[in-house]
Amino acid sequence: QVQLVESGGGLVQAGGSLRLSCAASGRTFREAMGWFRQAPGKEREFVAAIHWSGSSKVYADSVKGRFTISGNNAMNTVYLQMNTLTPEDTAVYYCAAQIHSRGLRGTYDYWGQGTQVTVSS
């Protein structure tokens, strides 16, 4: 079992920045950690992911160059630095953990409860 708790969401003006954090506990071995988001009326979408070693990171095209995923040792805490935010980034952001290797954009096994990010125009 892996428990994930996100924090850092909030209200920010367009052009601003936020940093989300995800604290992981429980099972220590994880293949990858990822961030997803779901806007009202839309399906959940992939945002970014990082291999447990930190050696590989991937991003959705919509956030590439603006968002940065990182983690501390053993990926017990994973961050999503979000810069140059736009109203289109408004969503609930979820942290996720992948236990078995399915590729960084693949299926994830455990999910946090989500944190709301609202970007005003």
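A disulfide is taken here as a pair of cysteine sulfur atoms within 2.5 Å, and in general terms such a link is a covalent bond between the sulfur atoms of two cysteines. In the predicted model described here, one disulfide is present. This disulfide is formed by Cys22 and Cys95, whose sulfur atoms lie 2.0 Å apart, a value that falls within the 2.5 Å cut-off. Because Cys22 belongs to strand S3 and Cys95 to strand S9 (residues 91-98), the link ties together parts of the structure that are 73 residues apart in sequence. The link of Cys22 and Cys95 is left-handed, with an angle of -75° about the S-S bond. Cys22 is buried, its relative accessible area being 0%, and Cys95 likewise counts as buried, at 0% relative accessibility.

Strand S3, which holds Cys22, also takes part in an open sheet of four strands, arranged in the order S1-S3-S8-S7 with antiparallel pairing. The edges of this sheet are formed by strand S1 (2-7) and strand S7 (67-71), each of which pairs on one side only, and the twist from one strand to the next averages 15°. Between S1 and strand S3 (residues 18-26), which run antiparallel, there are six bridges, and within this pairing Val5 stands opposite Ala23 in S3.

Ser21 is likewise placed in strand S3. With a relative accessible area of 16%, Ser21 is classed as buried, since the cut-off for that class is under 20%. When residues up to four places away in sequence are not counted, Ser21 touches Val5, Glu6 and Ser7, together with Trp35, Val78 and Tyr79.

Trp35 is also one of the residues with the most contacts inside the largest nonpolar core, which has 38 residues; the others named in this respect are Met33, Leu80, Met82 and Tyr93. In soluble globular proteins, nonpolar side chains tend to be buried together. For Met82, again without residues up to four places away in sequence, the contacts include Leu18 and Leu20, as well as Phe67, Tyr93 and Val117. Gly16, Ser17 and Arg66 are also touched by Met82.

A further set of pairings involves strand S11 (residues 115-120), in which a covered face of Thr115, Val117 and Val119 is set against an uncovered face of Gln116, Thr118 and Ser120. In a regular strand, side chains alternate between the two faces of the sheet. Strand S2 (residues 10-13) pairs with S11 in the parallel sense, over four bridges, and the bridge partner of Val12 in S11 is Val119. Strand S9, by contrast, pairs with S11 in the antiparallel sense, over three bridges, and here Ala91 stands opposite Val117. Val117 thus belongs to the covered face of S11 and is also among the residues touched by Met82.

The loop between strand S8 (77-82) and S9 contains Thr84, a residue with a positive phi of about 50° although it is not a glycine. Most residues other than glycine have a negative phi. Thr84 is partly exposed, with a relative accessible area of 46%, whereas Cys95, in strand S9, is buried at 0%.

Definitions and conventions
Residues are numbered from 1 along each chain as its sequence is written. This is a predicted model: local features need pLDDT of at least 70, side-chain atom pairs count only at pLDDT 80 or more; totals for chains, interfaces and linings use all residues. Side-chain values use heavy atoms; hydrogens and water are left out. Two strands pair if DSSP finds at least two bridges between them. Helices (H or I, at least four residues) and strands (E, at least two) are DSSP runs, numbered from the N terminus. Axes are lines fitted to C-alpha atoms, for helices over the stretch in contact, and angles run from 0 to 180 degrees between N-to-C directions. A nonpolar core is a set of buried Ala, Val, Leu, Ile, Met, Phe, Trp, Tyr and Cys residues joined through side-chain atoms within 4.5 Å. Buried means under 20% relative accessible area, exposed over 50%, partly exposed in between (1.4 Å probe, protein chains only). Contact means heavy atoms within 4.5 Å.
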